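Colleague: Could you walk me through this one slowly? I am still learning how to read these pictures.

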Amino acid sequence: MTSYSKEKLYQSIIDIDDKYIEEAQETKQNRIRAMWKRYMAIAACLCLAAVAASAIFYGNAQPMAEDEEIYNLRLFQNAAQGQEAREIFTLSYTDNSTEIEYPITRADGARIPAVFVPASSDNNSGNGTDMTLAEAASFAYMDVDTAPDELQEKILAAREVIIYSKSWVADGFACYILSPDGTQKTVPSFSELFPGWEIPTIDIDEHAFTLDGLGEHEKYGILVAVSEINTDYMVCQTTSSLAPFAAGQSVHVYFPANFDASCVEKGKTMMVSFYGKDCDGASGTVYAQEIWRYDQD
Amino acid sequence: MEDNQIIELFWDRNESAITQVALKYGFYCHRIAMNVLSNHEDAEECVNDTWLRVWNAIPPERPKAFRAWLGKITLRLSLNRWQKNHSQKRYAGLEVILSELEECIPSGRPIEEQIAVNEITRIINMWLGTLCKEDRVLFIRRYWNSDPVKDLALACGVSPQKMAKRLFILRKKLKATLEREDIFV
């Protein structure tokens with residue numbers, strides 16, 4: 001085959017229809033946004049997969065475009081009297097049509113959003129009902145305690161629609177959002193917006209978080225530098241952080257079944273993917289689902 | 001700034017058009033050139049050549065899909081540079097893409113003896129229209145944007161090996177289409 005043939009085919013691809021090129025560029029942007037949303041939904045401030053994605057999309061290949069408008073969200077946990085509030089989550093994002101929810105575990109074991117910011121373009125998204133805001137408003141403010149049983153359910157459903165249409169922060173937390181125009185908004189507390197209402201809890205089955213804060217059935221990625229290779233595991237140092245692992249921590253990564261370890265080399269950076277249920281932060285152990293060379297170009 | 005406003009600046013022969021297009025699409029064009037040439041200096045020169053080409057083309061042109069149009073200019077300039085220099089320089093980016101595309105070429109006589117570029121483009125457009133959106137986007141991101149396989153893999157949540165296999169299947173499908181269209185007859 002001559003080189004000219006290949007080039008000719010390549011030239012033909014260059015000239016493909018603009019609509020397909022635009023479609024690919026749009027999908028690329030949306031995919032990045034979708035990834036952000038997913039990472040946010042699983043409390044991903046320290047998620048390695050997000051760090052890895054950031055390294056690739058925003059570091060090596062596609063940093064935020066200069067003209068993109070960046071929002072900064074900061075979440076603080078209020079401390080006991082006389083102590084400073086502790087910052088527990090920060091997020092920079094470019095798409096305010098993305099829903100943000102940062103879940104935490106309350107002292108009683110219930111999982112609640114510490115902060116919720118609805119998608120600006122679709123305020124009813126995620127409420128799981130067909131109820132409009134106007135419909136919800138007509139039921140939500142009724143007295144649930146004195147309402148008949150059949151109405152109580154409707155009132156609570158309406159409240160959920162209202163709750164998930166506004167930005168709020170759980171009591172005991174403080175949240176600020178810095179907009180691209182430089183204005184800073186203080187996110188109101190839940191009790192301030194909805195006095196007397198119950199804060200919604202997150203369905204444990206749906207999110208299935210482990211004690212380490214990772215979703216049991218969510219897949220994560222972690223970048224590691226290999227320092228020792230054994231028959232069925234490798235000893236590595238993490239090069240990115242994902243709770244419960246800190247950057248630079250030594251971890252034992254067990255190979256998946258039938259894994260060909262010949263691609264693993266000492267000193268090389270590897271991407272390790274695993275499910276939340278397959279890691280143990282205390283002992284620094286990860287049972288890998290897949291492992292691949294990250295620096296193989 | 002909106003694309004049509006930038007195009008108007010070009011039509012007005014306002015030099016800030018170059019600043020605006022570079023601000024909005026500088027990184028996009030640089031990445032396209034960089035993926036092909038894998039050399040920052042050469043990619044930068046290609047991008048600067050792109051702005052000059054755009055300055056000379058508008059007016060009279062008024063591109064409808066400005067981003068795609070810019071990308072095509074950058075790609076053609078990158079390909080020209082590759083053709084001019086590749087015997088002296090190793091441009092890893094396009095070398096890999098071309099070696100993959102070689103698998104799509106039906107065996108038999110070389111393409112250049114048989115058919116014009118625009119006819120192949122017509123067939124590829126038709127073939128792209130038959131693919132599901134995800135496959136179509138993957139194909140374009142790999143062979144038009146020259147995005148690395150590992151980036152595509154990460155975006156789709158699969159390993160690079162799985163992504164490479166999927167792209168291999170797409171190349172085979174394109175080859176079958178080119179054969180079916182008798183482009184070498």
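Colleague: Let's start small: which residue follows H2(B), and what is its phi like?

Modeller: This is a predicted model, and in it H2(B) is followed by B:Ser38, whose phi is positive, near 50 degrees.

Colleague: And where is the kink in helix H2 of chain B centred?

Modeller: Helix H2, which covers residues 16-37 of chain B, has its kink centred on B:Tyr25, and the kink amounts to about 65 degrees.

Colleague: New topic: at what angle do H6 and H9 of chain B pack?

Modeller: Helix H6 (residues 117-130) and helix H9 (residues 160-180) of chain B pack at an angle of about 125 degrees, and their axes are 10 Å apart. H6(B) and H9(B) are therefore oblique to each other, and their crossing is right-handed.

Colleague: Which residues meet there?

Modeller: From H6(B) come B:Ile120, B:Ile123, B:Ile124 and B:Trp127, and they meet B:Leu170, B:Lys173, B:Leu174, B:Thr177 and B:Leu178 in H9(B). Sorted by class, this contact has seven nonpolar residues, one polar and one charged.

Colleague: How do H7(B) and H9(B) cross?

Modeller: Helix H7 (residues 133-143) of chain B crosses H9(B) at roughly 95 degrees, with the axes coming within 11 Å, and that makes H7(B) roughly perpendicular to H9(B). Among the residues making the contact are B:Leu138 and B:Phe139 of H7(B), along with B:Leu170 and B:Lys173 of H9(B). The residues of this contact divide into seven nonpolar, no polar and six charged.

Colleague: Last thing, what is the mean pLDDT of chain B?

Modeller: The mean is 84, with 90% of the residues of chain B reaching 70 or more, while the predictor gives the complex an ipTM of 0.87 and a pTM of 0.47.

Technical notes: Residues are numbered from 1 along each chain as its sequence is written. Chains are lettered from A and ligands numbered from 1 in the order in which they are written. This is a predicted model: local features need pLDDT of at least 70, side-chain atom pairs count only at pLDDT 80 or more; totals for chains, interfaces and linings use all residues. Side-chain values use heavy atoms; hydrogens and water are left out. pLDDT is the predictor's confidence in each residue, from 0 to 100. Axes are lines fitted to C-alpha atoms, for helices over the stretch in contact, and angles run from 0 to 180 degrees between N-to-C directions. Helices (H or I, at least four residues) and strands (E, at least two) are DSSP runs, numbered from the N terminus. Angles under 35 degrees count as roughly parallel, over 145 as roughly antiparallel, 65 to 115 as roughly perpendicular and the rest as oblique. A crossing is left-handed if the near helix is turned anticlockwise from the far one by less than a right angle, and right-handed if clockwise. Contact means heavy atoms within 4.5 Å. Ala, Val, Leu, Ile, Met, Phe, Trp, Tyr, Cys and Pro count as nonpolar, Asp, Glu, Lys and Arg as charged, and the others, Gly among them, as polar. The bend at a residue is the angle between axes fitted to the seven residues ending there and the seven starting there.
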